[in-house]
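Q: Can you walk me through this structure? I would like to start with the sheet and then look at some helices.

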Amino acid sequence: MQSNHHYTGLTDAQVVESRKTYGENILTPPEKEPLWKQFLEKFTDPIIVILLLALLLSAGVSCYEYFSGHAGMHAFFEPLGILIAVLLATVVGFLFELSANKKFEVLNKVNDDTLVKVIRNGNVCQIPKKEVVVGDVVILETGEEVPADGELLEAISLQINESTLTGEPVCKKTTNPADFDRDATYPSNHTMKGTAVADGHGIMRVFKVGDATEYGKVYEGAQIDNSVETPLNQQLDKLADLITKASYAIAVLIAIGRLIWYFTGLEGAFDWVLFGSFVLKTVMIAVTVIVVAVPEGLPMSVTLSLALSMKRMLSTNNLVRKMHACETMGAATVICTDKTGTLTQNRMKVYETKFYGSEGITDIIKEGIAANSTAYLDYSDPAKIKALGNPTEGALLLWLHENGVNYLPLREDAEVVEQLTFSTERKYMATIANSPLLNKKVLYVKGAPEIVLGLCKNMPVSKEEVEKQLLEYQSKAMRTLGFACQVIEDDKDYIKEGKIQHADLAFLGIVAISDPVRAEVPNAVKSCVAAGIDVKIVTGDTSGTAKEIGRQIGLWTENEQECHHITGTEFAAMTDNELLKQVLDLKIISRARPMDKQRLVALLQQKNQVVAVTGDGTNDAPALNQAQVGLSMGDGTSVAKEASDITILDNSFSSISRAVMWGRSLYQNIQRFILFQMTINVAACIIVLLGAFLGTESPLTVTQMLWVNLIMDTFAALALASLPPSEKVMKDRPRKTTDHIISKPMAKAILSVGALFVVLLFGLVQYFKHADITTLKDFSPVEFVANLFNFGQGNGLSQYELSLFFTIFVMLQFWNMFNAKAFMTGKSAFASIGKCSGFLAIAAVIVAGQWLIVSIGGEMFNVVPLKLSDWAMIIGITSPVLWIGEIRRLIRK
């Protein structure tokens, strides 16, 4: 390009000094956390910490027993089982999330060696983008990316695509203060790093490079460590704290109780060796209680539940990158959404045409649109034809294509004699072409309707009618273009000194162009609002456009209060305290800058909101990262996808409401699993506690409880996680972050069922202690009741009786799993059982696993094989757990 001014630019010495003062034009990559540190963080889980303590105590006891000769190598089975539980929970979780811990690697791979034209030492030269410094004079051409933030020195018909920063595909730039857009997100004479020249050309002087640029701030914001815990993590921490306190309290009670019991029953002289043995046994019982009380399988089970949901959500076009997002989406109370590309198609499209004095598309209109344009169409993918160049002109060419007209032959046949490209000063484009239609020269003009109307003398309708139509389009925040033409019969200069001369134009009509709302968005927004989720639009677009889009999707009404809308400038000027008072009421933020969206998310989180953010541009990355759940669109930028937790593959907002349904259903499944497991642990804990005070050895070993808590419960978690999502959850309000994961109905069920199991199991211990059972056929209900309160020494429990007790204990929990499946549904456990093939398959695996453990577990599990008749009786006598649950559910209907 040629400049009207002479710029000398920086000297080599000034370049060195500027780089030393302001730094290089590169983005500082984020510091990566080493893998070993990421792995060790898994051990900070409160339940894992409890397990590690139990492992330490168990290992100590096992070492003493082995080296003192009281036991063989089997003494180490218990600490080995705990160690396996710890490693499974940590390693599996670590491996699942390893691929999700990448932080914006795409940005780091940006090619900083792209050449840009600068003026240095009075000469135009090319340098790599990373070598641009503050003070450099940069030449900008159509199609080029702006290398740094700068102030324009010259701007000729300059239009910048700022969608990466503001969502605006076309922003007019100028150096004339009279033409400045006061409401623009960035000043009209500033160009920003990472944006692109859509049309025209210019010269700018760089004033910020690298991290200091607006793009750099977005990049830095995208890396901010989001320390906001997910709702599920907060609730699991509360549960872990409750279990820790309860298990430690019971362990202390056992220690105190047994010491009192020892000293009150002490006869004769005090023996330190006997007392040491008694203390060691007490410690072993306390360790057993801790291991029994702690749901070892919970971390592993939650991880597997989330992983299974990740896989299944993919079938509904939700690609989950970070596991927690599966469930957190169900807790969302607010969705902050971008406009361009999320609510709209990010594709300028002709909404309606009004060509006067003719029906349909005349040949002169076709030729005028094709010839009087600088845009092109990319036909390389017939299924998705793209416009290249100015998006507004591209929309016109796409409109021709949709009407069966190929613009290219028309443009090639209409030889351009002279052309005025569009400029912000003229506000129109004019082309003189040799028209093969008329065999004459024709002057074609398109531009701002009010300007084009002023150039026309031949009007097919009144100006008032045209202005009325324009007002209607503009009230819907649409862009409008006016079209006119003039047949040239003489040799006058119709284009001279950058203007149209001797104008005798005939007005052809107007076209309304918009970025249309995605078809599924209104219903999806309605679904989210019905589910108690607030939807807020945050866009870099104008207030009028933002409100119109809000109206189209059902978020903004005609009588909406103005306090529900705020501009980016007003938002930035307010303090956090001021905004906190109205942030929940806001529905639309227009003219927003990238960091405004992130600030909004942080403020909402301060109000205890669980925030999901949707976006498709680089400008959305900081907010996507700040939110508890970031949702990027499938055709969004790589940076947005990297910053997000979930990518919506089909770009459909309706997939977001499906993600909410999945999240809420998953949370209910996790609650069902906790109900199932905590019932087991409460029962087992009380059994061990009673045994400790009655001087009876625990009928359940640590290894048996590890099988129940780790393997069986993990399968149960998979069974419950495999249940299909329920659409009923979308009728509920989002849960509060302060809610405990164990609700009141759950606590009631855990304590009541757990107490029932304790009575039955304690009765069995008492019965087996005073009877010699070799088969359940010998079982006597009368003797069972008679021995319930017989606290005498008895004969102890044989290996066969211990195996019976262990299997009955497991089968009680097995049937209770069906009750857990039906919990909170109000339906039978057998409702829709045909759709739950995964649940039934895993239930069968649990029974098969128990049979295998009892048959070949031997010394490790302290069991012996059971008779088939006893297996049949156990399954029969434990099944009332399910049938009683079914009767209760039937009565409650």
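The chat below goes through a predicted model.

Q: What is the order of the strands in the open sheet?
A: The order is β8-β26-β25-β24-β9-β21-β23-β22, which makes 8 strands with mixed pairing.

Q: Which strands stand at the edges?
A: β8 (318-320) and β22 (565-567) do. Each has a single partner strand, so one side of each has no neighbour in the sheet.

Q: And how much is the twist from one strand to the next?
A: The twist averages 20°.

Q: Let's take β9. Which strands does β9 pair with?
A: β9 covers residues 334-337. One partner is β21 (residues 534-538), in the parallel sense and over 4 bridges. Another is β24 (residues 611-615), also parallel, with 4 bridges.

Q: What stands opposite T337 in those two strands?
A: In β21 it is I537. In β24, T614 stands opposite T337.

Q: Does T614 lead anywhere else, I mean, which residue is its bridge partner in β25?
A: That partner is L631. β24 and β25 (residues 629-633) pair in the parallel sense over 4 bridges.

Q: What holds strands together in general?
A: Strands of a sheet pair through backbone hydrogen bonds, either parallel or antiparallel.

Q: Back to β9: are its faces covered or open?
A: Both faces of β9 are covered. V334 and C336 are buried on one side, and I335 and T337 are buried on the other.

Q: Why do the residues split up like that?
A: In a regular strand the side chains alternate between the two faces of the sheet.

Q: Which helix lies across β9?
A: α20 does, and it also lies across β21, β23 (588-590) and β24. The angle of α20 to β24 is about 165°.

Q: Is Q598 in that helix buried or exposed?
A: Q598 lies in α20 (residues 594-606). With a relative accessible area of 7%, Q598 is buried.

Q: How far is Q598 from C336?
A: Their C-alpha atoms are separated by 9.9 Å. Along the chain, Q598 and C336 are 262 residues apart.

Q: New topic: α10. How many of its residues are buried?
A: 7 of the 8 residues of α10 (residues 324-331) are buried, so the helix is largely enclosed by the rest of the structure. The buried ones are A325, C326, E327, T328, M329, G330 and A331.

Q: How far is H324 from T303?
A: The C-alpha atoms of T303 and H324 are separated by 8.8 Å, and the two residues are 21 apart along the chain. T303 is in α9 (residues 297-313). T303 counts as buried, at 12% relative accessibility.

Q: OK, now helix packing. How do people describe it?
A: Two packed helices are described by the angle between their axes and the distance between the axes.

Q: What are those values for α27 and α30?
A: The axes of α27 (residues 799-822) and α30 (residues 868-878) come within 9 Å and cross at roughly 40°. The two helices are therefore oblique to each other. Their crossing is right-handed.

Q: Which residues meet there?
A: From α27, the residues are Y800, L804, T807, I808, M811, L812 and W815. They meet D870, W871, I874, I875 and T878 in α30. By class, this contact has 9 nonpolar, 2 polar and 1 charged residues.

Q: What about α27 and α31?
A: α27 and α31 (residues 880-892) pack at an angle of about 20°, with their axes 8 Å apart. That makes α27 roughly parallel to α31. The crossing of α27 past α31 is right-handed.

Q: And which residues make that contact?
A: On the α27 side they are L812, W815, N816, F818, N819 and A822. α31 contributes V881, L882, G885 and R889. The contact has 6 nonpolar, 3 polar and 1 charged residues by class.

Q: Last topic: phi angles. What is usual?
A: Most residues other than glycine have a negative phi.

Q: So what is phi for N121 and for M824?
A: For N121, phi is near 55°, a positive value in a residue other than glycine. M824 is not a glycine either, and its phi is positive, about 75°.

Q: Where are these two residues?
A: N121 is in the loop between β1 (115-120) and β2 (123-128). M824 is in the loop between α27 and α28 (837-856). N121 counts as partly exposed at 40% relative accessibility, and M824 counts as partly exposed at 37%.

Conventions: Residues are numbered from 1 along each chain as its sequence is written. This is a predicted model: local features need pLDDT of at least 70, side-chain atom pairs count only at pLDDT 80 or more; totals for chains, interfaces and linings use all residues. Side-chain values use heavy atoms; hydrogens and water are left out. Axes are lines fitted to C-alpha atoms, for helices over the stretch in contact, and angles run from 0 to 180 degrees between N-to-C directions. Angles under 35 degrees count as roughly parallel, over 145 as roughly antiparallel, 65 to 115 as roughly perpendicular and the rest as oblique. A crossing is left-handed if the near helix is turned anticlockwise from the far one by less than a right angle, and right-handed if clockwise. Contact means heavy atoms within 4.5 Å. Ala, Val, Leu, Ile, Met, Phe, Trp, Tyr, Cys and Pro count as nonpolar, Asp, Glu, Lys and Arg as charged, and the others, Gly among them, as polar. Buried means under 20% relative accessible area, exposed over 50%, partly exposed in between (1.4 Å probe, protein chains only). Two strands pair if DSSP finds at least two bridges between them.
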